[in-house]
Structures are given as structure tokens and as C-alpha cells.
Amino acid sequence: MTSDSPAKNPAKTFHVKSFGCQMNVYDGERMAEMLGTQGYVPAADGAHADLVVLNTCHIREKAAEKVYSDIGRLKREDGSTPTIAVAGCVAQAEGAEIARRAPSVDVVVGPQAYHRLPDLIARAERGEKAIDLDMPLESKFGALPKRAGGQRPTAFLTVQEGCDKFCTYCVVPYTRGAEISRPFGDLIAEARALVAGGVREITLLGQNVNAWDGEDGKGRAIGLDGLIRELAREDGLERIRYTTSHPNDMTDGLIAAHGEIDKLMPFLHLPVQAGSDRILAAMNRSHSVDSYLRVIERVRAARPDIAISGDFIVGFPGESEADFEATLDIVRATNYAMAYSFKYSRRPGTPAATMDEQIDEAVMNDRLQRLQALLNQQQQAFNEATVGRATRLLLERKGKHDGQLIGKSPWLQSVHVTAPGLAIGDMTDVRITSAGPNSLGAEPLMEAVA
Ligand code: SAM
Ligand code: SF4
């Protein structure tokens, strides 16, 4: 470790590298904001920073192992290293073992304790290995600096954390702890701060975001749909999204909200994981193929143009060829706009890790390829079906070509457009002119989209 206290040296630099899910991206941003208030300034990359925070993901084995190669790469030519903090779910799962395996690590901090990062860094500077895996009852959110918005027109806002569902393959209930919902008033205040800082689209985040519940300003019990309704009243906030949802928590109110709230974008990420009831039961998913398809049907009745996205795991222990064919069937029945698909990864400590009939790597590879071929076809078809359509984009970043900007459609597609006078953060009306698998082209529209 080669750092002085940030208070003594205000020019200390930091770099936060987040892996994995959007909740980690949110946590990484909050850590960066907190380090900013401690006198640190952002470095361009880890190679030149005084402090590097690796904000890790433990969901699959590959993601977890990547941390160790990243730590190794932080060693400089003269043998020195920056102050290294390992945060996130690998920190929670492996704890002190990380500092034993990688002695250059100074701080290990779990996802519920990162508000204590400044103290931990100070302890590390005194030569201690500073390790904090506490899941304190008081929420970290109250101890973090207030949000100020950022350079981007879009932001994540974590409303719910943890999981009580215990799917048999998943580490989240162990690394993120029990399900908690952040209080309504705190969320409205954070959303207002983001909007005041120029944010026009907020994505509400949670491991099971639609399990959020709370009391509104008048003390009435509300669910996620109530929170969305309240946020939709905020002037300046143009778009609301939420992810990730569990099929069992798609309430009538949330489904209806998709047909009633214009600011709620027509996109739903609803993982099913597998298409065979036998495998869903072994996964402890607590929903069936039928109940999932019924939810999709009702959401589409409420909002006919909604884009559906999902997550899939192939090669769960005991998955037969017939079970896998059933997964292809549910994909055909649902017709996804996009999806994430993974090979089952055996995670120590989860019930599935010790189940009989673990599936061969070669079989998993073959199934993943077949599943992805079908999902890619559906994604391309969804994108092609939007060609010719007039829609509105929120412009988020510059494109490769002069004057080109990339924005998101309501259906979360990346769309390229070139037009004079447009800037990042603008909402602009376009007609979609071309579609590839991952991005689309558009031309500006003179008349506004209704
Ligand atoms: N709570 C969400 C749900 O129930 O669908 C998912 C959150 S989880 C962090 C994100 C995705 O990682 C899951 O939907 C699942 O597809 C994948 N995943 C989780 N554990 C996995 C494992 N052991 N192997 C492969 N993929 C896994
Ligand atoms: Fe993991 Fe299942 Fe909880 Fe999703 S619902 S976070 S997959 S345990």
C-alpha cells in the first residue's frame, strides 16, 4: 500500500471498477461520490490511481475468479501497488480469504458496509488489513452523501436490496442478505436530487425490484406501482424503468400501471430461467411455466407494444434434453425482444451445487448455443418490426461519426441519429430507418410524436 490520508493530500486519485449487475454499477457510483467528498479525485483508469476499488460480482464462477487476475494486473513495474479495496459480493462471500490469497489487497468490504469505506481506508493506511463484512441493521443509504445528479441524463436508483427467495442455484440471498425496501421518502428525495442534477430517466433497481413495498407520504401501504405513480408526478423526470422483477411479484397494480402511466417505459425484464416445471421446481423458482405465461399475457393486454426481456440458465443439474426443449418452447411462446442466457455455474454453499446429475460442459455449450441462436433471431425480428415507426429517443452519448448521437428508444434499443443542434440529454422525435441485432438507425422527424 502506498497512500497517505486523503485529508492530508487532496489530490489523491481513485478508480472504481464495477463488475456484474446494475446494482453494482449503482453501488460503484455511490462509492465514487463518497470518495469525492473525502477529497479524492477520479483517475482515468486503475493503472494510475492511488486507490482502486474492485466492486465485484459472485454470481458465476468466472465472474468471481476474474477479481484475482484484476488484482494481479494492478502491480506496477517497480513492484508497488495502489491501495486496493475489494468490495461487492465476492468480498462478502470470500472475506478474509481474499487478503490471504492476494496479499496486496488492503480493504475487503461487503455490499452492505461500503458506507464505511473511508474508515476502512484509514485503517489500511495504519497498516491493518481492514475487513468489514457486516450486514448492519441500520441502512448504509442514510450514511452516504446526498446525490447531486451527474453528467448523464439517465441514472439508476436502488429501491430494494437482498432476496428471500433462495433459488437453489443463486448466491444473492447469502451475499446481499435479506430483502429490504428503502423508505418512500428517501427515494423521492433521491429522485428529486437526480432530476435537479439533469437526470431525465430513472431506472429503479432491486434484486427483486417488484417486491418493493412501503408507505406513501400519507401513511398508506403501497407497492412498486404506487412508487412509480408518485415518481411520474415529478416535473423534469421523463422516463421511468425498473429491473429486475420476479414473476411472482407482478401484482395487478404493477401490470395495470403499464397501461396507465405514460412515463413508465414499455419494457419488462422478467426472468423465467427455464421452461420445464420439473426444473423450475428443482430451482425453487416458486412459479410455473403456465403462471409465467399468464403474467406475460396480462402485461401485453395492458400494454400491447411492451418489449419483454428475460434471463435463462441452461444445464441446471438434472436438465434433460426434453427439459431443454421445453425452454426453447417457452422462448417461442413468449417472443423476447432481448434476453440474457447463461450456463449454470456451480456456486459453493448453494443447494444446487451438491445436487446429483451435474451436466457436462459440452452439453451446456451446445444448449447455450441453440438457445442463443433462437433468442438472437427474436431480437433481430423485434428490432426489424420497429423500422418505419415514429418514436422518441432520449439521447445518451456520442456516436462514432461526426454529429452522430446514440439514444434509447422506449423499448431500450440503442438508436443512432445524426441531426444538427441535438445534444446529449435531449428528447428527440425520430423515425426508425434500419435495424441490426444490437442497434438501429433513425432520421429526425419534423412533426412531434404523439
Ligand atoms: N432476481 C432475479 C430473478 O429472480 O430472476 C435475478 C437476479 S440474478 C442476480 C441475475 C441472473 O443471474 C439470474 O436471473 C440468473 O439467470 C443468473 N444466475 C444466477 N445464479 C446463477 C448461476 N449459479 N449460474 C448461472 N446463472 C446464474
Ligand atoms: Fe437469486 Fe432467485 Fe433471488 Fe433472483 S429470486 S436474486 S435468482 S435467489
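Ala, Val, Leu, Ile, Met, Phe, Trp, Tyr, Cys and Pro are counted as nonpolar, Asp, Glu, Lys and Arg as charged, and the others, Gly among them, as polar. The model is predicted, with local features requiring pLDDT of at least 70 and side-chain atom pairs counting only at pLDDT 80 or more, whereas totals for chains, interfaces and linings use all residues. Residues are numbered from 1 along each chain as its sequence is written, chains are lettered from A and ligands numbered from 1 in the order in which they are written, and side-chain values use heavy atoms, with hydrogens and water left out.

The protein chain contains 13 helices and 21 strands, assigned as DSSP runs (H or I of at least four residues for helices, E of at least two for strands). An automatic or database assignment divides the chain into domain 1 (13-132), domain 2 (141-385) and domain 3 (388-444), and the C-alpha centres of domain 1 and domain 3 are 36 Å apart. Along its principal axes, the C-alpha trace spans about 60 × 60 × 50 Å. Of the 450 residues, 55% count as buried, that is, under 20% relative accessible area with a 1.4 Å probe, protein chains only.

Ligand 2 is surrounded by Cys163, Lys165, Phe166, Cys167, Tyr169, Cys170, Val172, Pro173, Asn208, His246 and Arg285, where a residue is included if one of its heavy atoms lies within 4 Å. This shell divides into 7 nonpolar, 2 polar and 2 charged residues. Within the shell, Cys163 is buried because its relative accessibility is 10%, and Cys170 is likewise buried, at 14% relative accessible area. The structure holds 0 disulfides, defined as pairs of cysteine sulfur atoms within 2.5 Å.

Note on methods: Buried < 20%, exposed > 50% of the residue type's maximum accessible area, 1.4 Å probe, protein only.
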